[in-house]
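Visitor: Please take a close look at the largest pocket in this model. Which residues line it, and which parts of the chain do they come from?

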Amino acid sequence: ARGALGAIANMAEDYGTHHLMVNRVNAQHTLCALMRHKNLACQREAARAESNILSTSQFHENFLQEDGLRSVFAICRTKNIECFYLAAIIFHKLSPIVANHDTMIGKGVLQPLISLISGQEKDVATQAAAALRDLCSNKDHKITIAQEGGLKCLIALAREKDLPLRILAIG
């Protein structure tokens, strides 16, 4: 199964396959379910495929309707750095689209996002911080973000030694 999912993820690197994968074979439904699979390798490859598909913003709504965020939360609980990175990438791909913000905040994205930022892995923190920055741009959610620890997280990031992380925090 992992090999097949790896092949699907590789195919999804080509933007031209996204429409076929989503509209003809309902791949996002299957990938969201597999991101919650008990096998870590299956979770990781399904997340990689989904992150590739989400490069096409027209499929964000379908992902959110498939309860894809619940699947991302599942890979955030794996304690696997590669899964953390894929989760952060998915959050980062969803976050620039303001229409996604209500669903993301409403489904509880802030705590997993803050956890990803607070981890020790710089690449994960960078992707997650970019997603939090995008969510902070929405005036309707600034208070919620501050109340749930987002402001405290950004202040901590602004104190980091790493310049790109500091820039994301104050951006």
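Guide: In this predicted model, 13 residues line the largest pocket, and those nearest its centre are Ile117, Ser118, Gly119, Leu157 and Glu160. The space inside the largest pocket comes to about 210 Å³. Three helices each supply at least two residues of its lining: H9 (110-118), H10 (122-136) and H12 (150-158). Of these, H12 provides the largest share, with four residues. Sorted by class, the lining of the largest pocket holds six nonpolar residues, three polar ones and four charged ones.

Helix H9 also takes part in a second site. The second largest pocket, with about 170 Å³ of space, draws at least two lining residues from each of H6 (68-76), H7 (81-94) and H9. Here H9 gives the most, with three residues. The lining of the second largest pocket likewise numbers 13 residues, and Cys76, Phe84, Ser115, Leu116 and Gly119 lie nearest its centre. Gly119 is thus named for both sites: it is among the residues nearest the centre of the largest pocket and among those nearest the centre of the second largest pocket. By class, the lining of the second largest pocket is made up of seven nonpolar, three polar and three charged residues, against six nonpolar, three polar and four charged in the largest pocket.

Notes
Residues are numbered from 1 along each chain as its sequence is written. This is a predicted model: local features need pLDDT of at least 70, side-chain atom pairs count only at pLDDT 80 or more; totals for chains, interfaces and linings use all residues. Side-chain values use heavy atoms; hydrogens and water are left out. On a 1 Å grid over the protein atoms alone, a cavity is a set of points where a 1.4 Å probe fits but cannot get out, and a pocket is an open set with protein on both sides within 12 Å along at least five of seven lines; lining residues have an atom within 4 Å of a point. Grid points are joined across faces, edges and corners, and a volume is the space filled by probe spheres set on the points. Ala, Val, Leu, Ile, Met, Phe, Trp, Tyr, Cys and Pro count as nonpolar, Asp, Glu, Lys and Arg as charged, and the others, Gly among them, as polar.
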